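This report goes through a protein model by topic. The sequence and coordinates come next, followed by the notes on contacts and exposure.

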Amino acid sequence: MSRPKTGPQDLPPKGGYAPFNVNRIKLRTLLTGRMGVGIFIVTNVISFPLYYKNWVSERIKMLETKSRELATVPMLLAERDRAILKHQKRMRELEADVMKDFPFWEVGTFFGVPIYESVPEDTYIEPNFGECYTYADPFDFPIMQSAHLLT
């Protein structure tokens, strides 16, 4: 426990405390309105040519990229079609080998009936995923279907 204080009590200094300053002190302004507008105009006048020069160079890069894409995509599609045709040829050979013991089987037909009856015989119809991997292992099929997501 604390003991009560003994001795003289704390009193204000003789003559009293100094008066409190309660008047508003204005902040010093760094920028005036005209100076702010001037800085804005100078910044825009300097930066617009730089922005335009950058925009032109980016536009040229974008056009070059699009030209490169337009030049290479037909070759890539042709290579893909060539690979699909080679694969289809292997599939037809495999089908002929698998079905050689069935005398009435014709390769590329469904029991002698053409699969596509309404199109001419020389029309190319791009196969879907299941048609490309008819003789694949069934356990590998889901992996092959989503293999593009793994790369």
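Which side chain meets that of Arg80 in a salt bridge? The partner is Glu126, with an N to O distance of 3.4 Å. The structure discussed here is a predicted model.

## The link between Arg80 and Glu126

Arg80 belongs to helix H1, whereas Glu126 sits in the loop between E2 and H2, so their salt bridge ties together parts that are 46 residues apart in sequence. Salt bridges with shared partners also bring in Asp81, giving one network of Arg80, Asp81 and Glu126.

Arg80 counts as partly exposed, at 38% relative accessibility. Glu126 is also partly exposed, with a value of 44%.

## Salt bridges within helix H1

The whole structure contains six salt bridges. One of them joins Lys61 to Glu58, with 3.6 Å between the closest N and O atoms. Both residues are in helix H1, three residues apart, or about one turn of the helix. Lys61 has a relative accessibility of 46% and is partly exposed; Glu58 is partly exposed at 40%.

Another salt bridge pairs Glu79 with Arg82, and its closest N and O atoms are 3.6 Å apart. Here too the partners lie in helix H1 with a spacing of three residues, about one turn of the helix. Glu79 is partly exposed at 47% relative accessibility, and Arg82 is partly exposed at 47%.

## The annotated segment and the aromatic pair

An unreviewed UniProt entry places a "transmembrane region" at residues 31–52. Over residues 31–52 the chain is 91% helix and 0% strand, with 29 Å between the end C-alpha atoms.

The structure holds one aromatic pair. Tyr52 and Trp55 form this pair: their ring centres are 6.0 Å apart and their planes meet at 25°, so the pair is stacked. An angle under 30 degrees is what the stacked class requires. The two residues are three apart in helix H1 (residues 33–98), and are therefore separated by about one helical turn. Tyr52 is partly exposed at 47% relative accessibility, and Trp55 is partly exposed at 44%.

## Nonpolar surface and strand E1

Phe110, Phe111, Ile115, Tyr116 and Ile125 make a nonpolar surface patch of about 560 Å². Of these residues, Ile125 is placed in the loop between strand E2 (113–114) and helix H2 (129–132). Its relative accessible area of 31% makes Ile125 partly exposed. Patch members must have over 30% relative accessible area, a cut-off that Ile125 passes at 31%.

Is Thr109 buried or exposed? Thr109 is buried, because its relative accessible area is 15%, and buried residues are those under 20%. This residue is part of strand E1 (residues 109–110). The Thr109 side chain comes to 2.9 Å from the backbone oxygen of Glu106.

## Distances along the chain

Two C-alpha separations describe the layout. Gln9, in the segment before H1, has its C-alpha atom 110 Å from that of Met91, with their positions 82 residues apart along the chain. Gln9 is exposed, with a relative accessible area of 67%.

Gln88 lies in helix H1 and is partly exposed at 24% relative accessibility. The C-alpha atoms of Gln88 and Pro127 are separated by 9.0 Å, although these residues are 39 residues apart along the chain.

Technical notes
Residues are numbered from 1 along each chain as its sequence is written. This is a predicted model: local features need pLDDT of at least 70, side-chain atom pairs count only at pLDDT 80 or more; totals for chains, interfaces and linings use all residues. Side-chain values use heavy atoms; hydrogens and water are left out. UniProt positions are given in the numbering used here, feature names are shortened, and annotations may be inferred rather than shown by experiment. Helices (H or I, at least four residues) and strands (E, at least two) are DSSP runs, numbered from the N terminus. Patches are made of residues with over 30% relative accessible area and no salt bridge: like charges are joined within 9 Å, nonpolar side chains (Val, Leu, Ile, Met, Phe, Trp, Tyr) within 5 Å. Accessible areas come from the Shrake-Rupley method with a 1.4 Å probe; for residues, only the protein chains shown count as cover. A salt bridge is a side-chain nitrogen of Lys or Arg within 4 Å of a carboxyl oxygen of Asp or Glu. Buried means under 20% relative accessible area, exposed over 50%, partly exposed in between (1.4 Å probe, protein chains only). Rings of Phe, Tyr and Trp (its six-membered ring) pair if their centres lie within 6.5 Å; planes under 30 degrees apart count as stacked, over 60 as edge-to-face and the rest as tilted. A polar contact is a pair of N or O atoms within 3.5 Å; within protein, one must be able to donate a hydrogen and the other to accept it, and residues adjacent in sequence count only if both atoms are side-chain atoms.
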